[in-house]
Amino acid sequence: MPRKEYLCATDAAEPSEKPFPRRCPECGKVEVRPATIAYDAEVKHDGRLHAFHIPRLQINKCGACGEVLFSNVSNDQVTQALREHLVLLSPEQIRDALSKLGLRQKDFAERIGVAAETISRWIGGTHIQSRAMDNLMRLFFEFDNVRYALTSTVANNMLITTALTSRRRRSGN
Ligand SMILES: [Zn+2]
């Protein structure tokens, strides 16, 4: 699924160091300056389109032709607004929960079955977890027995037990 460009802010080149005013890519005039707009965002996440309002989005705007340019700051602001709109765990909440449990990101990744880079993207704020992963993290952080069940050896044993049980059921015992 194509991801909206502004959700990949950190992958983009970093033009934010250039001084203002900057040259407008649309009309060529050196009239681009920071500005604030009210913005109705529509962002695809988790296979659905989400619409929400951002009252004061920081963007760059051309004073000559009115072209609006998103910066990394705008992208971060949209991502954060989307996360709040969806009521998903914030990077700070995930980081705090891991530090309370004394878990490293790498070990946490292994326990819930995602790549370590995925966790660092969530915690870095550049990517937003799906609803299902958010639910899994909440369960993991909240309940001892969930954490216990997701230690790798226990998880393997449980899968084996389940497989045996269902095989026995199918053979009519
Ligand atoms: Zn312009």
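Three exercises on a predicted model follow, each with a worked solution.

Residues are numbered from 1 along each chain as its sequence is written. In this predicted model, local features need pLDDT of at least 70, side-chain atom pairs count only at pLDDT 80 or more, and totals for chains, interfaces and linings use all residues.

**Exercise 1.** Work out which strands stand at the edges of the sheet.

*Solution.* Start with the order. Three strands (DSSP E runs of at least two residues, numbered from the N terminus) form an open antiparallel sheet, β1-β2-β3. β1 (32-45) and β3 (68-69) each have a single partner strand, so they stand at the edges. Now check a pairing (at least two DSSP bridges). β2 (residues 48-62) and β3 are joined by 2 bridges. In that pair, N60 stands opposite L69.

**Exercise 2.** Describe how α3 and α4 cross.

*Solution.* Take the helices (DSSP H or I runs of at least four residues). Helix α3 spans residues 105-112 and helix α4 residues 116-124. Their axes (lines fitted to C-alpha atoms over the stretch in contact, with angles from 0 to 180 degrees between N-to-C directions) come within 8 Å and cross at roughly 115°. Next, list the contacts (C-beta atoms, placed from the backbone, within 7 Å). On the α3 side are Q105, K106, F108 and A109. On the α4 side are A116, T118, I119, S120 and I123.

**Exercise 3.** Is A109 buried or exposed?

*Solution.* Locate A109 in helix α3. Count its neighbours: 18 C-beta atoms lie inside 10 Å. Apply the cut-offs: 20 or more is buried, 12 or fewer is exposed, and in between is partly exposed. A109 is therefore partly exposed. Finally, its C-alpha atom is 6.4 Å from that of I119, 10 residues apart along the chain.

Definitions and conventions. Two residues are in contact if their C-beta atoms, placed from the backbone, lie within 7 Å.
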